[in-house]
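Me: I am new to this structure and would like a close look at one part of it. Could you pick a spot, walk me through it, and then show me how it sits in the rest of the chain?

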Amino acid sequence: MQVKEVMSRRIIAISPEETVAVAARLLSQHNIGALPVCSGGQLRGMVTDRDIVLRCVAAGQDPGQTPVQAVMTRRLITVAPEDPLPIAAQLMAQEQVRRLPVAQGRRLVGMVSLADLAAQPACAMEAAGTLAEISAGLLHRT
């Protein structure tokens, strides 16, 4: 199976100029943990709930005044729609993330999550292994 067969095409994104407070509200409203940051139709980065807490709130910044671009992760790890699902699982494990932007070039076309992989019977064991690797990485981080 390919990423495009399981990815979500309904993308909630934010611009780099928006405030961190707006990003936090979007994360809460949509019950998600990460937002792609896009401008000019191009993927520029990702902002996660963790980015907001560590790079804004814990750093004493005002979420209502701080732009997303100040706290977003600029290093992009993406998959292509045509990539096989095991490639997405491998990247998630390697990079310790639960979701990946799906891009054609720098244009965002979807998002794929560990839950998307786990919902596929053919990938259930791979998803479980990926989650175990991510969890082990998180334990070593603290």
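Reply: Happy to help: what follows starts at the end of one strand and works outwards from there.

Please keep in mind that this is a predicted model. For orientation, the chain has five helices and four strands, and along the sequence they follow the pattern α-β-β-α-α-β-β-α-α. Of the 142 residues, 40% are buried.

Our spot is Thr 48, which lies in strand S2, residues 42–48. Helix H2 covers residues 49–57, and Thr 48 reaches towards a residue of that helix: a polar atom of the Thr 48 side chain lies 2.9 Å from the backbone nitrogen of Asp 51. If we set aside neighbours within four places in sequence, Thr 48 is also in contact with Leu 27, Gly 33 and Ala 34.

Let us follow Asp 51 next. Asp 51 forms a salt bridge with Arg 55, with the closest N and O atoms 3.4 Å apart. Both residues lie in helix H2, four residues apart, which is about one turn of the helix. In general, an α-helix has 3.6 residues a turn, so residues three or four places apart point the same way. The two partners differ in how much surface they show. Asp 51 counts as buried because its relative accessibility is 7%, under the 20% cut-off. Arg 55 has a relative accessible area of 39%, so Arg 55 is partly exposed.

Now back to Leu 27, one of the contacts of Thr 48. Leu 27 is a buried residue of helix H1, residues 20–30, along with Val 20, Ala 21, Ala 23 and Leu 26. The cover over the buried residues of H1 includes strand S1 (34–39), strand S2 and helix H2. Ala 34, another contact of Thr 48, falls within the residue range of S1. After H1 comes Asn 31, with a positive phi near 50°.

Two of the buried H1 residues, Val 20 and Leu 26, also appear in a nonpolar core, which is easiest to place after looking at the largest one. The largest nonpolar core has 16 residues, and those with the most contacts inside it are Val 3, Val 79, Leu 100, Val 102, Val 112 and Leu 117. Helix H3 (85–95), strand S3 (99–104), strand S4 (107–113) and helix H4 (114–118) each give two or more residues to this core, and H3 supplies the largest share, five residues. Apart from it lies another core of 14 residues, among them Val 20, Leu 26, Leu 35 and Cys 56. As a general rule, nonpolar side chains in soluble globular proteins tend to be buried together.

Helix H3 also takes part in a salt bridge. The structure holds two salt bridges, and besides the Asp 51 and Arg 55 pair there is one between the side chains of Arg 75 and Glu 95, at 2.9 Å from N to O. This pair links distant parts of the chain: Arg 75 sits in the loop between H2 and H3, and Glu 95 in helix H3, 20 residues apart. Arg 75 counts as exposed because its relative accessibility is 56%, whereas Glu 95 is among the buried residues of H3. Just after H3, Gln 96 has a positive phi of about 60°.

Methods
Residues are numbered from 1 along each chain as its sequence is written. This is a predicted model: local features need pLDDT of at least 70, side-chain atom pairs count only at pLDDT 80 or more; totals for chains, interfaces and linings use all residues. Side-chain values use heavy atoms; hydrogens and water are left out. A polar contact is a pair of N or O atoms within 3.5 Å; within protein, one must be able to donate a hydrogen and the other to accept it, and residues adjacent in sequence count only if both atoms are side-chain atoms. Contact means heavy atoms within 4.5 Å. Buried means under 20% relative accessible area, exposed over 50%, partly exposed in between (1.4 Å probe, protein chains only). A nonpolar core is a set of buried Ala, Val, Leu, Ile, Met, Phe, Trp, Tyr and Cys residues joined through side-chain atoms within 4.5 Å. A salt bridge is a side-chain nitrogen of Lys or Arg within 4 Å of a carboxyl oxygen of Asp or Glu.
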